[in-house]
Amino acid sequence: MIRRCLACKRYSAKSENQLTSQLPDDIIAQTPPFYTCGVDLAGPIYVKNFEGMQKSYIVLFSCATTRALLLELAPTMTTESFSMAFRRFIFRRGNCRIIYSNNAKTFKKSSREL
């Protein structure tokens, strides 16, 4: 008897509609990959080269619409290293229109130089 009552409650229960927040237009628009992207630095990581182990950093580019990732290696955390990694990204993926970052000093200085 108890099993029958539990089964009735389970199947007669109504599902609730979950409310979702509004997403930015940049993310839901039908655009080519990496049209809108985010950029961040990760690391340090240690890379083996001819002199031994060298401290390097990863420049992470993430597409806002497809969630694809592109990783570039930067030997130092300077503006020049980031600019070279960004140029390699642009040559490989084309010019992106909107870039989101965490407003670190490297990104601000690179923005002024570009």
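**Notebook: cysteines, strands, core and helix α3**

I searched the whole structure for disulfides and found zero. The model is a predicted one, and I read the entries below with that in mind.

**Cysteines.** I looked up C63 next. C63 takes part in no disulfide, and its nearest cysteine sulfur belongs to C37, 7.6 Å away. C63 has a relative accessible area of 1% and is therefore buried. I then turned to C96. C96 is also in no disulfide; the nearest cysteine sulfur, again that of C37, lies 3.8 Å away. A disulfide needs the two sulfur atoms within 2.5 Å, so the C96 pair does not qualify. C96 is buried, with a relative accessible area of 7%.

**Chain overview.** I noted four helices and four strands in the protein chain. Read from the N terminus, the order of elements is α-α-β-β-β-α-β-α. Of the 114 residues, 23% are buried. I took the contacts with a separation of 6 or more and asked what share joins residues 24 or more positions apart; the share is 49%. The chain exposes about 9,200 Å², of which carbon and sulfur atoms supply 56%.

**Strand pairing.** I followed β1, residues 36–49, to its partners. Strand β2, residues 52–63, runs antiparallel to β1 and is joined to β1 by 11 bridges. A hairpin of two residues connects β1 to β2. As one bridge between them, I recorded A42 with I58 in β2. On β4, residues 98–100, I found three bridges to β1, and these two strands run parallel. There T36 has I98 as its bridge partner.

**T36.** I stayed with T36, which sits in strand β1. Is T36 buried or exposed? T36 counts as buried, because its relative accessibility is 2% and the cut-off is under 20%. With neighbours within four places in sequence left aside, I listed its contacts as D26, S62, C63, A64, I98 and Y100. The list includes I98, the bridge partner noted above, and C63 from the cysteine entry.

**Nonpolar core.** I looked up the largest nonpolar core and counted 14 residues in it; F34, V59, F61, F86 and F89 have the most contacts inside. β1, β2, β3 (69–74) and α3 are the elements that give two or more residues to this core. Which element gives the most? It is α3, with five residues.

**F89.** I checked the surroundings of F89, one of the core residues with the most contacts. Beyond its neighbours within four places in sequence, F89 is in contact with F34, C37, F61, L70, E72, G94 and C96. Two of the cysteines, C37 and C96, are thus on the list for F89.

**Helix α3.** I tested the length of α3, residues 79–93. At 1.5 Å a residue, its 15 residues should span 21 Å, and the end C-alpha atoms are 21 Å apart, so the two values agree. I listed the buried residues of α3 as T79, S81, F82, S83, A85, F86, F89 and I90. For the spacing I kept one general point in mind: an α-helix has 3.6 residues a turn, so residues three or four places apart point the same way. F82, F86 and F89 are among the buried residues of the helix. After α3 comes G94, with a positive phi near 90°. G94 also appears among the contacts of F89.

Note on methods
Residues numbered from 1 in each chain as written. Predicted model: local features only at pLDDT ≥ 70, side-chain atom pairs only at ≥ 80, totals over all residues. Heavy atoms only, no water. Expected span 1.5 Å × (residues − 1). Buried < 20%, exposed > 50% of the residue type's maximum accessible area, 1.4 Å probe, protein only. Pairing = 2+ DSSP bridges. Contact = heavy atoms within 4.5 Å. Areas by Shrake-Rupley, 256 points an atom, 1.4 Å probe, with all protein chains shown as cover. Core = buried A, V, L, I, M, F, W, Y, C linked by side-chain atoms within 4.5 Å.
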